[in-house]
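Open your viewer and keep the selection panel handy. We will go stop by stop, with something to pick at each one.

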Amino acid sequence: MLVAAVCVAFSIGAYPVTPGDLAGLLAAKLGLGSAAVAPAVETVIWDIRGPRVLTAMLVGAGLAASGAAYQGLFRNPLVSPDILGVSSGAALGAVLGIFASLPVLAIQGMAFAGGLLAVGVVLAVASAIRGRDPVLVLVLGGVVIGALLGSGVALLKYLADPYNQLPAITFWLLGSLSAVNRGDLAALVPPVAVALIPLVLLRWRLDVMTLGDEEATALGVPVRVVRIVVIAAATLMTAAAVSVSGIVGWVGLLVPHLARLMVGPAFVRLLPTAVLLGAAYLLAVDTLARSLGPVELPLGVLTAVIGTPVFLWLLAFGKRGWS
Amino acid sequence: MSARLLVEDLAFGYGERVVGAGVGFAVAAGEVLCLLGPNGGGKTTLFKTLLGLLPPCGGRVRVDGEDTAGWSPRRRALAFGYVPQAGAGQFPFTVREMVLMGRTAHRGAFSAPAASDHAAAEAALERLGIGHLAERDWLRISGGERQMALIARALAQAPRVLVLDEPTASLDFGNQVRVLEQVRRLADGEGGDGLTVVFSTHHPEQAFAIADRVALLHDGRLTRFGTPEAVITAAMMREVYGTEVEVVAVGADGMRVCLPVGLRRPAQVR
C-alpha cells in the first residue's frame, strides 16, 4: 500500500512522471546503468516531488509512532501526541517567528524549540507536584499549558500585520508541505530516526506500561524512567515533524487506532504498522491536497475532513469498541 | 524453619500520613496468610508497602532474610508476584500476551521474550486450567476468568511470595471457590516448590477454609495474629466489625463458619 501511494504521489502533478521514470532514476543514482530519463523529470523527482513525498511519509510516520506510544503510556486510546502541549508550543514558537519576520529556517527552529520547551515545562510542573496520580497530573498540566500557549498564539494573531503576517500564521497553523525542500528533509531525518530507537527498544516494556503504574511496577518496570524516555522520544519526533509541516492534526490520533484494529495492541506489531500506515496516510492526504483543486488545500483541513468520518465510522462499527 | 516473608515493626502510609504502624509477622514457605480487617483498616496500604509500591515509613520487609529496602522494581518483581483487585488493562491484549507480561522481570529492558518465557507463560496457563482462554481478548472475558489469568500472570513471574488483594471480590460464588482452591494449591506446591501466599478478604470463612495464619489489621495495628481458629472468635468479630456472630463447626471435618446472629428474615425468628 505504501509503495502504491509512493508511485501515485510521484506521478501526480503538473509534470507527469511514470513509475518507470522513478525506477530508472533510482537505478541511475545507485550507479546501475545510465539515466534514461529527461533532465526535467529528474529535477521534478529529485528536487521537488522527492523531498515532499519523503517528508510527508516521515511526518506521518513520526506522528503516528508518537501517537501509538502516547496512547499506550497514558492508557487512553483517545490521546494524541498533542496532549502534553508539543503542538501548542511549536505553534507559539512558529507564530512568534513569523511575527518577528524571521527567515523560514529560524521559524522552523523556533517551532521545534517551542514544542520541546512546552513539554519540558509540563514535565517540570508534573514532577514538582507530588502525591497525586502522575499520569493525571501530566495530562492536566498539558491541557492547561496548552491552553495558555494557545492564548499566546491568539494574541499574536490579533497583533499581527493582517496583510502580510496573519495569512502566513494561518497558513502555518493549518499545516502544509508545499514549501518543503531537501534541507527540510535532511533536518527531519535525524530526530525522527533517533527518537524511533528507544520506542523500538522499549516495545515490550510499553505493553506493560498500559497496565498502569502500580501493576507495571509490580511486574518489574521502572515506570518513571520508561515514561520520561518515551515522552522525550515522542516529543522530539512530533516537534521535528510539526516544525516542518505545521500543525497536522488527526494522524497521531487516528492512525494508531486503525493500526490497533488491524494488528492488536501489542507494541511489537503496533509500532511498525502505525509507522507504515501513518506514512501512507499522510502521503495520500498530501497528494490529494496538491491535486484536488487549482489551489493547494491546507493539509490540516484535509486530514480532519478525512479523519472525522473515519473516526465516527470506527466509533459506530469498530468491532472492538474503543480499543 | 526460617521465615520466607518477615515483616518487622513496619510503619506504612502515604508520605506524611501514617496509616499503620508496629506491624510485624512472619510467614513460611508453603503457608497461606489471610489478612482480615474492616474497610479503611489499612490492608491495601500494607500490601502496597510490602510490594514496594509505597516506601515504608519505618521498619523493614525481609524475604528469605534479605532486607528489601533499596531493591529495584525488577528485583522486587522476582520476589513478589502481585494479583491486583481488578486488572487495569484497557487494551485488547490476548490472555496469553497478558500472562507473558508476567515474565517482564526475567529479561532485559530491550529484549524480546525468549522461548523459556513463552514456556513459563504456557505452563502457568495450564496449571490454572485456563489454557483454552489463551487466545481470548482480555476485555471480553469474565471477571472470574480475568482473576484466573492475573493469578497465572503472577505465577509466570515465578515469585517466592504471592500477594493477592481481595482476590474474590466481585466474583460469583463458583468462581470464588475456584480461585481459593487455586490459591491453596499454589501454596501447597508441586513437590516442595510451595509459594508463600498473602491474601486479603472480607470473608472469615475463606480464612477458615484455606489459611494457615490469620492477621487482623484494625486501625493500622496488627491486633491479632495466629491460626484462624484462635483469631476468629465471636468476641473478635464483635470488637472489630461491631456485629454479633456465632462461630460454628459444620460438616464432617468440623470446618468453622461465622453466622451473623441478627440476620434473619422475620418468619424465621424463633
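**Charged pairs in chain B**

Start by selecting B:Arg224 and B:Glu239: these two form a salt bridge, with their closest N and O atoms 3.3 Å apart. B:Arg224 sits in strand β10 (residues 221–226) of chain B and B:Glu239 in helix α9 (residues 234–241) of chain B, so this pair ties together parts that are 15 residues apart in sequence. Colour by accessibility and B:Arg224 counts as partly exposed at 26%; B:Glu239 is also partly exposed, at 46%. Keep in mind throughout that this is a predicted model.

Next, pick B:Arg103 and B:Asp117, whose side chains meet in a salt bridge at 3.0 Å, N to O. B:Arg103 belongs to the loop between α3 (95–100) and α4 (115–127) of chain B, while B:Asp117 is in helix α4 of chain B, so the pair joins parts 14 residues apart in sequence. Are these two buried or exposed? B:Arg103 has a relative accessible area of 10%, which makes it buried, and B:Asp117 is buried too, at 3%.

**Across the chains**

Now show both chains and select B:Arg153 with A:Glu215, where the side chains meet in a salt bridge of 2.7 Å, N to O. This one crosses between chains, from helix α5 (residues 143–156) of chain B to helix α10 (residues 213–218) of chain A. Both B:Arg153 and A:Glu215 are buried. Over all chains, the salt bridges number 19. For a network of them, select A:Arg52, A:Asp286 and A:Glu296, which are linked in this way.

**Along a helix of chain A**

Select residues 39–73 of chain A to bring up helix α3. Its 35 residues should span 51 Å at 1.5 Å a residue, and the end C-alpha atoms are 49 Å apart, which agrees. Where does α3(A) bend? Zoom in on A:Arg49, where the bend is about 50°; a proline, A:Pro51, follows within four residues. Turn the rest of the structure back on: 26 of the 35 residues of α3(A) are buried, so this helix is largely enclosed by what surrounds it. Just after α3(A), stop at A:Arg75, which takes a positive phi of about 50°.

**The nonpolar cores**

Which residues touch the most other members of the largest nonpolar core? Select A:Phe74, A:Leu84, A:Trp172 and B:Ile232, out of 139 residues in that core. Centre on A:Leu84 and show its contacts: leaving out residues up to four places away in sequence, A:Leu84 touches A:Tyr70, A:Phe74, A:Ala118, A:Val119, A:Val122, A:Leu138, A:Gly142 and A:Ile231. Another core, of 27 residues, lies apart from the largest one; B:Leu5, B:Phe47, B:Phe80 and B:Val163 are among its members.

**An exposed stop, then confidence**

For a contrast with the buried stops, go to A:Val104 in helix α5 (residues 104–128) of chain A. With 60% relative accessibility, A:Val104 counts as exposed. Try a distance label here: the C-alpha atoms of A:Val104 and A:Ala94, 10 residues apart along the chain, are separated by 9.3 Å.

Finally, colour chain A by pLDDT. The chain averages 83, and 88% of the residues score at least 70. Confidence in chain A is lowest in helix α1 (residues 2–11), with a mean of 64, and highest in helix α9 (residues 203–209), at 91. Where pLDDT is low, the predicted coordinates should not be read in detail.

Terms used:
Residues numbered from 1 in each chain as written. Chains lettered and ligands numbered in written order. Predicted model: local features only at pLDDT ≥ 70, side-chain atom pairs only at ≥ 80, totals over all residues. Heavy atoms only, no water. Helix = DSSP H or I, 4+ residues; strand = E, 2+ residues; numbered from the N terminus. Expected span 1.5 Å × (residues − 1). Bend = angle between axes of the 7 residues up to and from the residue. Buried < 20%, exposed > 50% of the residue type's maximum accessible area, 1.4 Å probe, protein only. pLDDT = per-residue confidence, 0-100. Salt bridge = Lys/Arg side-chain N within 4 Å of Asp/Glu carboxyl O. Core = buried A, V, L, I, M, F, W, Y, C linked by side-chain atoms within 4.5 Å. Contact = heavy atoms within 4.5 Å.
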